[in-house]
Amino acid sequence: MTNPGHHFVAVIGGAISGSVAAEILADNGIRVAVFEQNTRPYGKIEDGLPRWHVEQRKEEYGRIDARMKKPNVYFVPCTKLGRDFELPQLFEWGFSAVILANGAWRDRELGVPGEEHFVDKGLVYQNPFIYWYNHKNEKDYRGPRYETPDEAIVVGGGLASIDVVKVLQLETYERALKARGIQASMHELEKSIPTVCKAHGIKPEELGVKGCLLMYRRREQDMPLAQPPDNATPEQIAKTEMVRQKMLRLARDKYLFRFQDRRVTTGIVAENGRLAGLKVAETKVEGRKAEPIPGSEHEIRSPLVISSIGSVPEKLPGISMKGDYYTFDGKDVPRYTSMDRVFGVGNVVTGQGNIRVSLVHSQKVTKRVVDCMKGDDGNTAVGTGSSERHVANKMDTIGKQIEAIPPLSDNQMAIVERQVHALQQRAGFTSDYDSWIAKVTPPDLE
């Protein structure tokens with residue numbers, strides 16, 4: 001593989017933000033090793049985007065595949081930061097820089113005392129729940145299995161919580177219709193539950209389904225289902241609020257779930273060692289704040305509670321954190337504060353699961369990182385002179401957030417490449433990318 005550049009960058013994570021970073025680096029003549037914890041690089045597209053999004057998943061898979069097959073990109077599957085190697089090792093092996101694109105796979109805690117005792121005992125978190133839903137029909141699936149009882153509670157308010165609600169309602173109505181001798185597929189029900197019922201000459205209320213309950217701590221118009229533009233005017237904010245309310249109304253019409261806004265969880269109702277409901281209070285909403293109203297506390301019984309209040313980065317050995325996030329500094333170019341030449345892109349920085357947000361964030365940050373490696377002539381900066389002055393000027397435009405990254409020698413490049421090949425072989429990746437994907441894709445994956 002030819003490469004005019006003298007940099008080798010490690011990208012941690014192969015999904016949207018990681019593959020975008022790899023593509024930009026590779027297109028600039030920089031070699032990239034993409035370390036992916038799973039066998040396939042699709043991340044939340046595969047494991048977080050519910051499986052009824054068939055066409056969107058295919059499109060995003062195709063885009064990621066195309067990026068991974070770029071010249072100068074080395075895909076290293078089944079290799080996880082914090083399990084198979086530590087962050088300092090990447091620099092010991094000789095990498096020029098590291099870009100963390102490992103997403104947000106850990107659910108934000110529900111935030112009530114004792115919740116940890118009820119996980120999988122009436123309390124489930126969004127990420128494992130959606131992972132189960134996406135993979136449960138695969139012959140080789142060995143993960144946890146979840147029930148989807150009627151009258152479950154979903155605590156959340158974003159797009160991900162709407163997906164959780166949809167899973168519960170589709171599963172519940174599919175069972176109810178089947179009990180009447182009516183077969184209805186996930187794809188039919190996902191289009192509209194009332195439409196399916198009407199096609200079979202039955203009213204939804206005749207099925208006896210009460211539906212799950214989505215609870216949100218602020219007002220329905222505050223739900224993060226749509227975002228206003230940057231520096232939005234009061235008129236634009238008002239329009240966004242109307243769009244949010246319309247999105248919620250359409251979702252409720254199609255999937256028949258219940259909804260309560262201005263509700264916050266204050267405690268757990270437990271019986272026989274299991275969660276049996278939640279203690280909640282009404283809230284007073286002022287701006288971004290939602291404070292419990294004294295005297296409004298009450299209990300809501302439920303056979304299952306699913307917490308869907310956001311995802312944050314995994315806690316990994318040796319990675320310093322402040323609160324729920326890694327210690328990044330710098331708005332335009334997020335730098336990991338505990339180690340030089342380590343940067344962050346996508347969900348691991350933003351905490352937002354939106355595909356577009358991750359893509360744009362990765363583009364902006366990675367292009368700035370490339371600026372630290374490139375000179376006027378389009379080749380990697382080597383030596384002194386105009387190239388270094390150009391890099392210095394670039395650093396001034398970024399506000400001197402990051403230093404120029406020195407090039408590697410030919411020998412150093414060869415050492416890193418040998419290490420990457422050794423890691424690929426250890427993972428069983430001994431051929432080309434397409435052959436690997438064909439080998440590891442389950443035949444019954446929907």
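## Strand β8 and its sheet

In this predicted model, strand β8, covering residues 213-215, runs parallel to β9 and is joined to β9 by three bridges. To pin down the register, take M215: its bridge partner in β9 is Q260.

Zoom out and you get an open sheet of five strands, paired in parallel, in the order β6-β14-β7-β8-β9. The edges are β6 (123-125) and β9 (258-260), each of which pairs on one side only. On average, neighbouring strands here are turned by 20° against each other, ignoring direction. Helix α5 (residues 126-135) packs on this sheet, where it touches β6 and β14 (305-308). The direction of α5 makes about 80° with that of β6.

## A pocket that borrows from α5

Helix α5 turns up again in the second largest pocket, giving four residues to the lining, the most of any contributor. The other element that gives two or more residues is α2 (44-47).

The pocket has a volume of about 420 Å³, and 18 residues line it. If you want to look at the middle, N38, E46, D47, Y131 and H135 are the ones that lie nearest the centre. By class, the lining splits into seven nonpolar, four polar and seven charged residues.

## Two helices side by side

Now for a helix pair. Helix α6 (residues 159-179) packs with helix α9 (residues 234-255) at an angle of about 10°, and their axes are 11 Å apart. Angles under 35 degrees count as roughly parallel, so α6 and α9 are roughly parallel to each other.

Which residues make the contact? On the α6 side they are L159, I162, K166, Q169 and L170, and on the α9 side M247, A251 and Y255. Sorted by class, this contact has six nonpolar residues, one polar and one charged.

## The β10-β11 hairpin

Unlike the parallel sheet above, strands β10 (residues 263-271) and β11 (residues 274-286) run antiparallel, with eight bridges joining them. T265 is a handy residue for checking the register: its bridge partner in β11 is V280.

The two strands form a hairpin with two residues between them. What is the sign of phi at N272, in the turn? Phi is positive there, at about 55°.

How values were computed. Residues numbered from 1 in each chain as written. Predicted model: local features only at pLDDT ≥ 70, side-chain atom pairs only at ≥ 80, totals over all residues. Heavy atoms only, no water. Pairing = 2+ DSSP bridges. Axes fitted to C-alpha atoms, helices over the stretch in contact; angles between N-to-C directions. Contact = heavy atoms within 4.5 Å. 1 Å grid on protein atoms, 1.4 Å probe; cavity = no way out; pocket = protein on both sides within 12 Å on 5 of 7 lines; lining within 4 Å. Points joined across faces, edges and corners; volume = space filled by probe spheres on them. Nonpolar A, V, L, I, M, F, W, Y, C, P; charged D, E, K, R; others polar. Parallel < 35°, antiparallel > 145°, perpendicular 65-115°, else oblique.
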